Amino acid sequence: MTTSDESNDVLVGAIPESASGSRLDKVMPSVFPPYSRSQLQVWLKQGRILMGDSIPSPRLIVSGGEVLSLVVPELPSLKWAPEDLHLSIEYEDADLVVINKPAGLVVHPGAGNGSGTLANAILYRYPNTASLPRAGIVHRLDKDTSGLIVVALSERARGYLIQTLERREVVREYLAVVNGCPISGGNIDAPIGRHPRDRIKMAVTETGKSAETQYRVLKRFRSHSLLGLKLKSGRTHQIRVHMTHLGFPLVGDSLYGSRVRIPSQATDRVIDALRKFGRQALHATQLGFDHPVSGESLLWTSPMPADIDLLTKALSEDADQTCF
C-alpha cells in the first residue's frame, strides 16, 4: 500500500511479503505504481528513494515488509505549444488515445522540428496532457513510419503503459517492404546501440541493448519481399537496423538502405514506383494491450497505407516469376 504526503510530495509504501527474495530494483514498481522501473532506478540513484534513513542498493535482496519513501521531483514545465492539427483517431477514452499516424509526421518537438508534431496536436486536443511528461507519449514511431501509436491521457495510464511496454506485453506488428528475398521467416535477437562511427545511426553492436524482432514472409516478388514483423522490444530504428543487419534493408530507407534495387527487365511502372518511393516502407499495422483500468483486452488494426499498397501492386506485376 502507498500513501502520499502531498505537502512534501513524498510517497511511502511497503514492499509486499510476496516479493521476499527479489531484488529491490525489480520490486519498486509494485510499491510505487504507476512509475516505471527505469524511472524509479533513476530516482534511486539520485537519492530520492530511502529505506529508513538510508539509500538502499538496487541489488538489495528484500525480505518483504520493508518501508520505502519516495520524494517525487516536481516535473519541469512543458514548453511545447498546442497546435490545431488533424489527428486520425482510432480509439479514445478518459485514459488513452490510439492514433493512426501518417508518414511525415514527427512524434514530438526536437531539433529542427519545433512545431507541427503529434505532441503539439495532442496538447491542443487534450489540454490535460500538459501535466504529463512528454504530453503522455510513451513510445514513438519514426517520422517516416506510418501507423498506430498510443498516447496516455492520465498518469495512471501512462505508468501502466510504460510498465507494459517494459514487460514486452504490448502487441506491436508491422508491415515492411524490403530489398531482397529472405528464404523464410525467422527471429533476430541482436543488441542495438549507437553506431560506432556515424552517430546519427544505430547499429547491431555487442555493447547495445537487447533487441528482438520476429519476421515472416507474406509475399515474395522478384527482388523484394513484403514482410510481417513483430517487435519483442522497442529500440530506436529497431526493424530498420535488424533487417539491414540481415542484408534486407527496407525499400526507401535513405539512412540504412542502399541504392534502389531494380529487377531485371522491370516494367516502367515498377521502376517508377521504386525510384519515387520517398520513405522507408514501414507501417505499424497492429497494436494491442490490456486496458489500464478495465483490464479489457484491446487490439487495433490499421490497413496497409495507400503508398505501400501501390508499391506492392507494382511489384506484383512480376508475381508470376520466382524470387531467387
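This section describes the overall build of the chain, its two largest pockets and several individual residues and elements.

The structure is a predicted model. The chain contains seven helices and 15 strands. Its C-alpha trace extends over about 75 × 45 × 40 Å along the principal axes. Of its 324 residues, 48% count as buried. Among contacts in the chain with a separation of 6 or more, 66% are made by residues 24 or more positions apart. The domain assignment divides the chain into domain 1 (10-71), domain 2 (89-160) and domain 3 (171-321). Between the C-alpha centres of domain 1 and domain 3 the distance is 39 Å.

The pockets were considered next. A volume of about 1200 Å³ was computed for the largest pocket. Its lining comprises 37 residues, and those nearest the centre are Val138, His139, Leu165, Gly234 and Arg235. Several secondary-structure elements take part in this lining: helix H2 (37-45), helix H4 (155-166), strand S8 (171-179) and helix H5 (238-246) each provide at least two residues. The greatest contribution is that of H2, which supplies six residues. By residue class, the lining of the largest pocket consists of twelve nonpolar, twelve polar and 13 charged residues.

The second largest pocket holds about 620 Å³ of space. It is lined by 25 residues, with Arg140, Asp142, Lys143, His237 and Arg240 nearest its centre. Domain 2 (89-160) and domain 3 (171-321) each contribute at least three residues to the lining of this second pocket. In terms of class, eight of its lining residues are nonpolar, nine are polar and eight are charged.

His237, one of the residues nearest the centre of the second largest pocket, also has a notable backbone geometry. Its phi is positive, near 60°, although His237 is a residue other than glycine. His237 is located in the loop between strand S13 (224-231) and H5. Its relative accessibility is 15%, and His237 is therefore classed as buried, the limit being under 20%. A positive phi, of about 60°, is likewise found at Arg168, which is not a glycine. Arg168 belongs to the loop between H4 and S8, two elements that each supply at least two residues to the lining of the largest pocket. With a relative accessible area of 37%, Arg168 falls between the limits of 20% and 50% and is therefore partly exposed.

Helix H3 (residues 118-125) is largely enclosed by the rest of the structure, because six of its eight residues are buried. The buried positions are Leu118, Ala119, Asn120, Ala121, Ile122 and Leu123. These residues pack against two strands, S6 (96-101) and S7 (146-152). At the N-terminal end, H3 is capped by Thr117, a side-chain oxygen of which lies 3.3 Å from the backbone nitrogen of Ala119. Ala119 is itself among the buried residues of the helix.

Ser302 occupies the loop between strand S15 (297-301) and helix H7 (306-315). Its relative accessibility is 2%, and because burial requires a value under 20%, Ser302 counts as buried. The side chain of Ser302 is joined to that of His283 by a polar contact of 3.0 Å. Beyond its neighbours within four places in sequence, Ser302 is in contact with Asn100, Leu148, His283, Ala284 and Thr285. His283 thus appears both in the polar contact and in the list of contacts of Ser302.

The last residue examined, Ile183, is placed in the loop between S8 and strand S9 (186-189). Its relative accessibility of 79% is over the 50% limit, and Ile183 is therefore classed as exposed. The C-alpha atom of Ile183 is 8.3 Å from that of Val217, a residue 34 positions apart from Ile183 along the chain.

How values were computed. Residues numbered from 1 in each chain as written. Predicted model: local features only at pLDDT ≥ 70, side-chain atom pairs only at ≥ 80, totals over all residues. Heavy atoms only, no water. 1 Å grid on protein atoms, 1.4 Å probe; cavity = no way out; pocket = protein on both sides within 12 Å on 5 of 7 lines; lining within 4 Å. Points joined across faces, edges and corners; volume = space filled by probe spheres on them. Helix = DSSP H or I, 4+ residues; strand = E, 2+ residues; numbered from the N terminus. Nonpolar A, V, L, I, M, F, W, Y, C, P; charged D, E, K, R; others polar. Domains from an automatic or database assignment. Buried < 20%, exposed > 50% of the residue type's maximum accessible area, 1.4 Å probe, protein only. Polar contact = N/O pair within 3.5 Å; in protein donor to acceptor, adjacent residues only side chain to side chain. Contact = heavy atoms within 4.5 Å.
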